[in-house]
Amino acid sequence: MVETTQRPGEDTFPRLLLRHASTRPQKPAFREKDLGIWQTTTWDQVTGEVRAFACGLAALGFKRGMNLAVVGDNRPRLYWAMAAAQCLGGVPVPLYQDAPAADMSYVLDNAEIDFAVVEDQEQVDKLLEIKESVPRLSHIIYDDERGLRNYARNELTAWEKVQELGREFDRQHPDFFMQQVDACRPDDAAVILYTSGTTGKPKGVCHSHRGMIATASVLAEFDHVDDSNDLLCYLPLAWVGDFLYSYTMSLLCGFCLNCPESPGTVMTDLREIGPTYYFGPPRVYENILTQVMIRIEDASWIKRRMFHYFMKVARRVGLRILDDGRNVGLGDRLLYGIGELLVYGPLKNVLGMSRIRVAYTGGEAIGPDLFDFYRSLGINLKQLYGMTETCVTVCMQANGEVKLDTVGRPMPGVEVSIADDGEVLVRAPGLMMGYYKRPDATAEAIDAEGYFHTGDAGFFDADGHLKIIDRAKDVGRMANGAMFAPRFIENKLKFFPYIKEAVAFGDQRDKCMAFINIDMEAVGNWAERRNIAYSGYTDLAAQEAVYDLIAECVEKVNADLVADGMLGDSQVHRFLILHKELDPDDDELTRTRKVRRRFIADKYAVLVDALYAGRASQYIETQVKFEDGRQGLVKADLRIRDAKTFTPVKKAA
């Protein structure tokens, strides 16, 4: 195993890069699929690319202390741009590539951006559109030149041109690059990552080299991650999960990062790479499961029967076999082995998960049923807990100690405390330096004792594992005093492949109600096999047969909830299927696909009122934004359906 512990002189990202160029120069550092072919770049080549680009930035006027915006999909050159900025003592600021120009304008202005590196024409157009509102933005450097030949703008420079300037600058100032690298300090800011803005304007979270590298070191030792691993980079560059688990872990451990050809080819590229190390938010695992269930529904009768039979076997014994193998009889082992041969193995191969040694999920709570599904297949999926401000990793599940309803124990060096009101407090080496230009917000988030107030409600179980209930501000009470945890209910609903998103209401109410977003692909496939005609999402969502389908899912969730002593009163009594998909561009979701529950409650107040008033339907008109910037109006008369509920079983005193 490669040594990952921090050593003197290897305490910043630039020094880690130079270490790999020296110790494993010809080993793969990056792979990128281009025109169907995987192209490999070694550590020595990466260092040369970074050096040339860093010197080119310096030639254009980029100086120590400046911030560099990075916008686009996962491309090697965008990762190299971040490394180049760090080599010069600058700070990369990755932005969400799917954000509209107006959202980018706020971050670019707040982060005081002079230089931006973008992927292609789409991102160039966005920045040029908002150029007047961000007067400091003087240099836009683009990777992909397609479509930009006739853009005669002084701000624009091609990546290759910057490197040409850099090589010439390097020849004239041969000591410059190493002088800049040597000037970097562990406590300097290494990156600014903007929060998703669930409750307001995004805030820039500043992390130091020391904090990021220390967190990655603990993670590498915890799960024995080394340079033999492979990882597919597909998560947004602006998300802390990608910066830590892809960029930082690669520079620390020396393994190869693989960049897919496009977002649409991720599943194909995943199969070809066969990563050993994987990270994704619950939404990714939900989407994969949806694809699996669609394919099963399209399979022959005998294949469907075989899948469902062996999945029952997997749920019964798979978790025990994965954890320690104890208390599993020979007959069950044999049956599970047959399932591995006929179902589990082929399924993991199709998903590109055959070689996965460890997989993580975080960012928000994952439904226990979803978690159970993957682990029962033999995939070592583990939950972790953290957020942007804590460098993600606060708690994690150790091998053999994985529970469906907890996020594990605190990681080494991390202190977790539970406040009197149930809020989770965190103190850790990876805690942020502070919010960029927001000392007021920093002081509000980190108390005098150095604890970060997460805003999550939770408690430790008898084994010392942390259990997160929900966001503290979202946990409420039903009118009868019973606990109401909307995210828990929503996650149970989203386990079904037909439900893409759910929003539950019930705080201070006598009953729980829900909005449902159907999964267009899964429900569309289901409808086509039943010869149900529809013209689009709104039409499909209004079909009586679709309401019957969703009602069955809600009923199953209610049957599960009634068995829970704490949440039995939170069964969904009535629901409606929204006439449009919840969308980040309409401010209903964050860029990381988290529900902005309070915004939705206000925006669709008329629908919430209709649910609680007992109405059978409600007419609504909703303004939506299209990808090209146009706005439109979606009109619908939404049907409201009662759901079957069950009488909670009261425990004996």
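In the predicted model, residues 24 or more positions apart account for 66% of the contacts in the chain with a separation of 6 or more. These contacts are set within a chain that has 21 helices and 28 strands.

The overall dimensions were examined next. A compact globule of 653 residues would have a radius of gyration near 26 Å, and the 25 Å found for the chain therefore agrees with that expectation. The C-alpha trace spans about 80 × 60 × 55 Å along its principal axes. Of the 653 residues, 58% are buried, where burial denotes a relative accessible area under 20%. The accessible surface of the chain amounts to about 27000 Å², and carbon and sulfur atoms contribute 50% of this area. The chain carries 78 positive and 94 negative charges, and a distance of 3 Å separates the mean positions of the two sets.

Helix α4 illustrates burial at the level of a single element. This helix comprises residues 101–110, and its buried residues are A101, M104, S105, V107, L108 and N110. The cover over the buried residues of α4 includes both strands and helices. Among the strands are β3 (67–71) and β4 (91–95), which precede α4 in residue numbering, together with β8 (189–194). A helical contribution to the cover comes from α5, residues 121–129. Following α4 is E112, a residue with a positive phi, near 55 degrees.

Note on methods
Residues are numbered from 1 along each chain as its sequence is written. This is a predicted model: local features need pLDDT of at least 70, side-chain atom pairs count only at pLDDT 80 or more; totals for chains, interfaces and linings use all residues. Side-chain values use heavy atoms; hydrogens and water are left out. Helices (H or I, at least four residues) and strands (E, at least two) are DSSP runs, numbered from the N terminus. The radius of gyration is taken over C-alpha atoms; the globule rule is 2.2 Å times the number of residues to the power 0.38. Buried means under 20% relative accessible area, exposed over 50%, partly exposed in between (1.4 Å probe, protein chains only). Contact means heavy atoms within 4.5 Å. Accessible areas come from the Shrake-Rupley method with a 1.4 Å probe; for residues, only the protein chains shown count as cover. Lys and Arg count as positive and Asp and Glu as negative; His and the chain ends are not counted. The place of a charge is taken as NZ of Lys, CZ of Arg, CG of Asp or CD of Glu.
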